[in-house]
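Reader: I have just started learning to read protein models, and the vocabulary still puzzles me. Could you take me through one and tell me how each word is earned?

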Amino acid sequence: MVALVVCGWLTLAIGLSFAAGPDKSIAVIGPQAQAIAAVVKAKGHILVAYGYVTIARSEEAGFVGRLYAAGALLVLDADQAGGCTGLPPKRLVARL
């Protein structure tokens, strides 16, 4: 049952990532060197990279498709995947 729920969530998250428009933060999951290379090849900008998660974005449409074509293993909309946008928390921005 747990595996079914996880597979369902993952399928939904991957599907939603293709609907992400320009200027959306995208989480590239996989080895850091491979993820960074995919982001650069897909003409994106790296916001933050740590461990097996690299957060990136692009102003051009079709970024998710270009990431997969460039060799990314798993690409998720960072907002949908748990809010890891690479941007400072709103409460921190409010204090600045």
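Author: Happily; below we take the terms one at a time and set each against its definition.
This is a predicted model, in which local features need pLDDT of at least 70, side-chain atom pairs count only at pLDDT 80 or more, and totals for chains, interfaces and linings use all residues. Residues are numbered from 1 along each chain as its sequence is written, and side-chain values use heavy atoms, with hydrogens and water left out.

Reader: How many helices and strands does the protein have, and how do you know what counts as one?

Author: There are four helices and four strands. Both are DSSP runs numbered from the N terminus: a helix is H or I over at least four residues, and a strand is E over at least two. Read along the sequence, the pattern is α-β-α-β-β-α-β-α.

Reader: Why is I55 called buried, and what is K43 called?

Author: Buried means under 20% relative accessible area, exposed means over 50%, and partly exposed lies in between, with a 1.4 Å probe and protein chains only. I55, in strand β3 (residues 53-57), has 0% relative accessibility, so I55 is buried. K43 has a relative accessible area of 56%, so K43 is exposed. V48 in strand β2 has 29%, so V48 is partly exposed. Of the 96 residues of the protein, 30% count as buried.

Reader: What else is worth knowing about K43?

Author: Its phi is near 65°, a positive value in a residue other than glycine. K43 sits in the loop between α2 (32-41) and β2 (45-50).

Reader: What makes the strands a sheet, and which strands stand at its edges?

Author: Two strands pair if DSSP finds at least two bridges between them. β2 and β3 have five bridges, β1 and β3 have four, and β1 and β4 also have four. Each of these counts meets the cut-off, so each is a pair. The result is an open sheet in the order β2-β3-β1-β4, with antiparallel pairing. β2 and β4 are at the edges with a single partner strand each, so one side of each has no neighbour in the sheet. From one strand to the next, the twist averages 25°.

Reader: Which residues stand opposite V28 in β3 and in β4?

Author: In β3 the residue opposite V28 is T54, and in β4 V28 stands opposite V75. You can also find A27 opposite I55 in β3, and Y50 opposite V53 in β3. As for the link between β2 and β3, they form a hairpin with two residues between them, and G51 in the turn has a positive phi of about 50°.

Reader: How do you know that the buried residues of α2 line one face?

Author: Those buried residues are A35, A38 and V39. Seen down the axis of α2, they fall within an arc of 100°, so they line one face of the helix. That arc is taken from the directions from the helix axis to the C-beta atoms. The face turned away from the buried side carries the exposed residues A33, V40 and K41.

Reader: What do the buried residues of α2 pack against?

Author: They pack against β1, β2, β3 and α3, where contact means heavy atoms within 4.5 Å. V39 is a good one to look for: leaving out residues up to four places away in sequence, V39 touches V28, G44, H45, I46, A56, F63 and L67. As a whole, α2 lies across β1, β2 and β3, running at about 175° to β2. Such angles run from 0 to 180 degrees between N-to-C directions, with axes as lines fitted to C-alpha atoms, for helices over the stretch in contact.

Reader: What makes a group of residues a nonpolar core, and how many residues does the largest one have?

Author: A nonpolar core is a set of buried Ala, Val, Leu, Ile, Met, Phe, Trp, Tyr and Cys residues joined through side-chain atoms within 4.5 Å. The largest one here has 13 residues, and those with the most contacts inside it are I26, V28, V39, F63, L67, A72 and V75. Two or more residues come from each of β1 (26-29), α2 and α3 (63-69).
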